[in-house]
Amino acid sequence: MNIKKIILGIMALITSTTVAAQGDVYKRSQSYEWPTDPLVVRKLKQWQDLKFGVLIHWGLYAVPGIVESWSICDENWISRDTTKTYQQYKEWYWGLCKQFNPTRFEPEQWASTFKNAGMKYMLFTTKHHDGFCMYDSKQTDFTIAQHAFRDNPKRDILRHVLQAFRNKGFMIGEYYSKPDWHSQDYWWDVYPIKHGRNVNYDIKQWPWRWNAFKKFVHAQTEELLSNYGKIDILWLDGGWVCKKNQQDIDMPRIASRARELQPGLIIVDRTIHGPYENYQTPERTIPEKQLNYPWESCIPLSNDWGWVRHPAWKTSTKVINTLVEVVAKGGNLVLGVGPTAEGRIQPEAVSRLDSIGQWLQRYGQAIYNTVTTPYYNEGKLWFTVSKNGQQRYAVYALQDHEPLPKTLSWQVHTPKSVMLLGTKKRLKMIKTHDGKVTVTLPTGMKTEPFALQLNM
């Protein structure tokens, strides 16, 4: 049998099993606590207006094109290369740092691509659970700046990424994993890794080691917020590292210092209800009902967060309809896109993002800077309202391969007239005594989701 096919099969198995299993990891908090700092509240309101962002996962896992970090975790849903022992596999994975040399890294290409897609804010993975830093951390030598890419003038990847996006007017966010599976103060080689993703030693027995880990996390977050200019969002992943799970890293201290360095900083200690979860982050899902507080669905463009060899892409129509539903329910959508090991955004991703951006150029008025309305959905129609309350919109979530309807009908939002958004074309409208509205759509429309302006 062809060895290359065996390896690719193993890679695909790693990808497919982890995608399915991770869906149940992150549970959305069932309540929300508004921050009391007026600067944070103001920044949150600004962030809510943006509606659409990008989450960039990039790290060691891009070299073989496998799912991010998870294959080195010993949880029983993980599949990996069965020709290696677990220790051999981890050593192989750590050794990818010697191969990770993204010589085609051009952050300006990224920023232009996502700007053209209509995205308004960004989150970049500074460090995932595997501990490999995508910036020049002084707390460890396990960084992009210390291995194969060390002689490149762009070795401090994070600095160049953030500046490229600032130049395009993005709100800037840093993703940071609280756990660190490479750190001897989290996964200590004295003990086997027998607690899955969690710390593998008894913190009560070894408090000095856990204190060393806390010091490490505090120092790294301070680096991220001190050395890279204006930061708007600190997006903390790895919700199992928390006080409730006996892994207290002193979030009050982290938050206090963070906001000394970055006043008004939005902190997202995801899945940990309380004052440091400034917005909620349902992963790969959309809440069933409208939520009138800050939240963000985080959903990848393919089935995976990072780049994989054979991605299963979502269509641009699928992403648009997801965005429409999320916004009508009061949230933002951050779309996950992973660059290749060379540092490029794949053409297949670019083409989908371009289509999304073109749609937003036509219909973005119904998306950006809108707020919710209590009656927000009727069939495939989703309703939004301008911030000043003067204008209402109805967005029809046309599905892939669905023909355009000839007419649309709805109740409750009864306008004086209806226009196809992005044009000055007033549509023929009939109102009945029971409040039902029926409009006739013009011929020649592009077969895609579309938005109507309801003139009240």
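User: Before we get going, what does buried area mean here, and how much is buried between domain 1 and domain 2?

Analyst: Buried area is the accessible area, with a 1.4 Å probe, that two parts lose on being put together, summed over both. Keep in mind that this is a predicted model. Carbon and sulfur atoms give 56% of the area buried between domain 1 and domain 2. The total comes to about 1800 Å².

User: Where do the two domains sit in the chain, and how many residues does each put into the contact?

Analyst: The domain assignment gives 38-368 for domain 1 and 371-455 for domain 2. Their centres, taken over C-alpha atoms, are 37 Å apart. As for the contact, domain 1 brings 21 residues and domain 2 brings 23 residues.

User: Which side chains meet in a salt bridge at 2.9 Å, N to O?

Analyst: Between domain 1 and domain 2 the count is 2 salt bridges. The rule asks for a Lys or Arg side-chain nitrogen within 4 Å of an Asp or Glu carboxyl oxygen, and a pair at 2.9 Å fits it. Those side chains belong to aspartate 49 and lysine 387.

User: And which element gives the most to the side of domain 1 that touches domain 2?

Analyst: Across this interface there are 11 residue pairs in polar contact. On the domain 1 side, the elements giving two or more residues are α8 (316-328) and α9 (347-363). With 8 residues, the top contributor is α8.

User: How do the residues on that side of domain 1 divide by type?

Analyst: We're still looking at the side of domain 1 that touches domain 2. Its residues divide into 7 nonpolar, 7 polar and 7 charged.

How values were computed
Residues numbered from 1 in each chain as written. Predicted model: local features only at pLDDT ≥ 70, side-chain atom pairs only at ≥ 80, totals over all residues. Heavy atoms only, no water. Domains from an automatic or database assignment. Contact = heavy atoms within 4.5 Å. Polar contact = N/O pair within 3.5 Å; in protein donor to acceptor, adjacent residues only side chain to side chain. Helix = DSSP H or I, 4+ residues; strand = E, 2+ residues; numbered from the N terminus. Nonpolar A, V, L, I, M, F, W, Y, C, P; charged D, E, K, R; others polar.
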